[in-house]
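Student: I have a structure open and would like to talk it through with you. Could we go step by step?

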Amino acid sequence: MHYRTLAPFPQGFLWGASTSAYQVEGAWDQDGKGPSVIDRASFAPELSDFTVTSDHYHRFAEDIALFAELGLKTYRFSISWSRLFPTGDGEVNPLGVAFYQRLIDEICRYGIEPLVTLYHFDLPWALQEQGGWSNPHTIAAFERFARTAFELFGDRVNYWLTINEQNMMILKGDVIGTLPPGTLDPEKTLYQQNHHMMLAQARAMIACHAMLPAAKIGPAPNISCVYPASCRPEDVIAANNYASIRNWLYLDLACFGRYNAVAWSFMTEKGYLPQVSAEDMALLQAGRPDFIAFNYYASTTVAAESATHTEREDGLREVEDQQLPGLDKSVYIGFDNPHLEHNEFGWYIDPVGFRITAREIYERYHLPLIITENGLGAFDKLDTGNKVHDDYRIEYLSNHIAQLQLAITDGVELFGYCPWSAIDLVSTHQGIGKRYGFIYVNRDEHDLKDLARYRKKSFFWYQRLIATNGMQLDTDIDY
Ligand code: BG6
């Protein structure tokens, strides 16, 4: 459908940017912080670990001033659970509380709306040692952590996110989740963990509504549209299966309080069914989100073929795609999408898929949407004069935001956009060299240099875009 006129971004649209605690704060063991699963994980030795990252813990005032200069209306960040509760559910750490009090005060001082993720991959290690999300005790610990955060910060925080990318933690449990190496029956374990996380999320949403009636809370999964590799009906079924297993299982539970039928059949067939009680289902029914936040980086394409066929007679090619977690070749196979380009890390670039995803989610749940991650990871280069000419990032963002405007014109109720990331930080598995930020942090994988902050070209481009409420999307800008 071609529109003669596009709907503008709504007044008060929350232009923002995102980070997460373990990727940006550093100070991994300072001021009483307990270790998290991230601090105990092993990473490739040539890449940075998460001990210092961008040193935001010590430099947050400088960073927030830069975010204000950028013009952010909202800033999405996460609270490190083990900074607040070093052992996950024991004593509260007063220095951890003080840090987040100062951070939130600083954000609010500039009139920026804080958007807080409660849990972004960094489960306290003490809880993991007791079984992590396999142990139902973690549900109660999460509720206590959430209630404490609502009590401490709820006077200034109006928007809350429960769990970042729960679906990725389940689908890639061995890489970013809480699945101990060598777990027997990993998928069954992960789907039980998923059920427990869902219950924890429901409890947090109920608590938020009871304690902070004016606040809003929602989940933050990674959602992407799934294309069939061809119009062959079996490929369409494969795409449908994958969408249910990758996307709708998580959002149906959060928004409808029930299991997605196809995902349930998949778990039954594979022997992955979690233990679910009638009380659990009542709890899931009672905990409802006010909005849906979602992260989008790329679309996915799948086909129904046997694992032995890597090339089909129609010329389509199988791919191992990072964006295709939870690969189960008996249900779907990741295929190349010849219509799309990749970034340097092999992720498909698909702005139109962004519009499709927003439309699909809105049509399905009819809740307001906010984007909490979208962006381009790249090996940025620091040029003379401490400049970073990241025109590729500007192009990526401009194309994606243009599609968001189309989605709004389509009728999608969208109230914010927070690209990843506000400032350079350490990527989940590809070090600091894979940069996403509007602000360059002067360090390498192992050489911390001076950690100085430099505004990239995209900084000025996004600043102008925000100042015009999304009107000035063109990519030319003096730098
Ligand atoms: C999301 C995560 O999956 O993608 C972030 O919520 C992450 O924590 C981002 O950094 C980009 O992924 P990566 O692997 O490039 O850091």
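Tutor: Happily! One definition to begin with: helices are DSSP runs of H or I with at least four residues, strands are runs of E with at least two, and both are numbered from the N terminus. Keep in mind that this is a predicted model.

Student: Thanks! With that naming, where is N260 found, in the loop between which helices?

Tutor: The helix on one side covers 233–256 and the helix on the other covers 261–270. N260 is in the loop between them, that is, between α11 and α12.

Student: Is N260 buried or exposed?

Tutor: Buried means under 20% relative accessible area. N260 has 5% relative accessibility, so N260 counts as buried.

Student: Which backbone nitrogen does the side chain of N260 reach?

Tutor: A polar contact is a pair of N or O atoms within 3.5 Å. The side chain of N260 comes to 3.0 Å from its partner, the backbone nitrogen of V262.

Student: How does D185 count in terms of accessibility?

Tutor: D185 has its place in the loop between α9 (173–176) and α10 (186–211). Partly exposed is the class between 20% and 50%. At 44% relative accessibility, D185 therefore counts as partly exposed.

Student: What separates the C-alpha atoms of D185 and A261?

Tutor: Along the chain, D185 and A261 are 76 residues apart. In space, their C-alpha atoms are separated by 23 Å.

Student: On to the ligand. Which residues around the ligand come nearest?

Tutor: There are 14 residues around the ligand. By class, this shell has 5 nonpolar, 6 polar and 3 charged residues. Those that come nearest are Q23, E165, T428, K434 and Y436.

Student: How much of the area that the ligand exposes when taken alone does the protein bury?

Tutor: Let's begin with polar contacts: oxygen atoms of the ligand lie 2.7 Å from an N or O atom in the side chain of Q23, 2.8 Å from one in the side chain of E373 and 3.1 Å from one in the side chain of S427. Taken alone, the ligand exposes 380 Å². The share of this that the protein buries is 94%.

Student: Why does the span of helix α15 agree with its number of residues?

Tutor: Helix α15 (residues 391–410) has 20 residues, and at 1.5 Å a residue it should span 28 Å. This agrees with the model because the end C-alpha atoms of α15 are 29 Å apart.

Student: How many residues of α15 are buried, and what follows the helix?

Tutor: After α15 comes G411, whose phi is positive, near 115 degrees. The helix itself is mostly covered, and of its 20 residues the number buried is 14.

Student: Which residues lie on the two faces of β1?

Tutor: Strand β1 (residues 14–18) has 5 of its 5 residues buried. Both faces are covered: one side holds L14, G16 and S18, and the other holds W15 and A17.

Student: In what sense, parallel or antiparallel, does β1 pair with β2?

Tutor: Strands of a sheet pair through backbone hydrogen bonds, either parallel or antiparallel. With β13 (residues 414–417), β1 pairs in the parallel sense over 2 bridges, and W15 stands opposite Y417 there. In β2 (residues 74–78), T74 stands opposite G16. The β1 and β2 pairing has 3 bridges, and its sense is parallel.

Student: Last one: which are the edge strands of the open sheet with the order β6-β8-β9?

Tutor: This open sheet has 3 strands with mixed pairing. Strand β8 (residues 300–303) and β9 pair in the antiparallel sense over 2 bridges, with A303 opposite I333. An edge strand here pairs on one side only, and the edge strands are β6 (226–228) and β9 (333–334).

Conventions: Residues numbered from 1 in each chain as written. Predicted model: local features only at pLDDT ≥ 70, side-chain atom pairs only at ≥ 80, totals over all residues. Heavy atoms only, no water. Near = heavy atom within 4 Å. Polar contact = N/O pair within 3.5 Å; in protein donor to acceptor, adjacent residues only side chain to side chain. Areas by Shrake-Rupley, 256 points an atom, 1.4 Å probe, with all protein chains shown as cover. Nonpolar A, V, L, I, M, F, W, Y, C, P; charged D, E, K, R; others polar. Pairing = 2+ DSSP bridges. Expected span 1.5 Å × (residues − 1). Buried < 20%, exposed > 50% of the residue type's maximum accessible area, 1.4 Å probe, protein only.
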